[in-house]
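Ready for a few warm-up exercises? Have a look at the chain below, then work through the tasks at your own pace.

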Amino acid sequence: MNLFPTREFKFKLISSQKETIERLERRTEYSKYLTSNWTTKSFRGQISGNEFKIISSTVGKGAFCVLTGEINTELGSVTITINKAFKIMLSILLIFPIIAMCLIVTFDLEKFEPFMILSVIAQIVMIRFIGIRFFFKRFSKQSLHKLRDALDVELIEN
């Protein structure tokens, strides 16, 4: 099981490969690091040949999802993952319940109850399967729609 979710999609090009890549290049501001910044373009990131690695240019939530893919002659593919910086922050958030329990056991063993272990597990499961899944689903959907509009492509059901 993966700690952080990913989504993969295939899409059909309506225009030619060259036109689609040019359209993406026009709507993408080059950025070596995938960070948010104010820009008039739809995306920030890198495009090399027919491959791309971009984020939405929406400041704040746009950098949450990284879109990595390629544009071939008739079809293209895109994989949506969580940005590395957000993975680090979310990993720290997932560790907080464990740290709290360890501190209680270390400094005040009398207050420790076996029920706390269940509480820690429940907190981690809620953060992962409710919190992270909700935000990933929401932001990946927004980024995918933005990419679909920018490239003028049709998504193919997986």
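A residue counts as buried under 20% relative accessible area, exposed over 50%, and partly exposed in between (1.4 Å probe, protein chains only). This is a predicted model, where local features need pLDDT of at least 70, side-chain atom pairs count only at pLDDT 80 or more, and totals for chains, interfaces and linings use all residues. Residues are numbered from 1 along each chain as its sequence is written, and side-chain values use heavy atoms, with hydrogens and water left out.

**Exercise 1.** Find the salt bridge partner of Glu 29 and say how exposed each residue is.

*Solution.* Start with the rule: a side-chain nitrogen of Lys or Arg must lie within 4 Å of a carboxyl oxygen of Asp or Glu. Glu 29 pairs up with Arg 44, with the closest N and O atoms 3.0 Å apart. Next, check exposure: Arg 44 is buried at 7% relative accessibility, while Glu 29 is partly exposed at 25%.

**Exercise 2.** Which residues of helix 1 are buried, and which exposed ones sit on the face turned away from them?

*Solution.* Helices are DSSP runs (H or I, at least four residues), and strands are too (E, at least two), numbered from the N terminus. In helix 1 (residues 17–26), the buried ones are Thr 20, Ile 21, Arg 23 and Leu 24. They cover an arc of only 155° around the axis (taken from the directions from the helix axis to the C-beta atoms), so they share one side of helix 1. Turned away from that buried side are the exposed Lys 18 and Arg 26.
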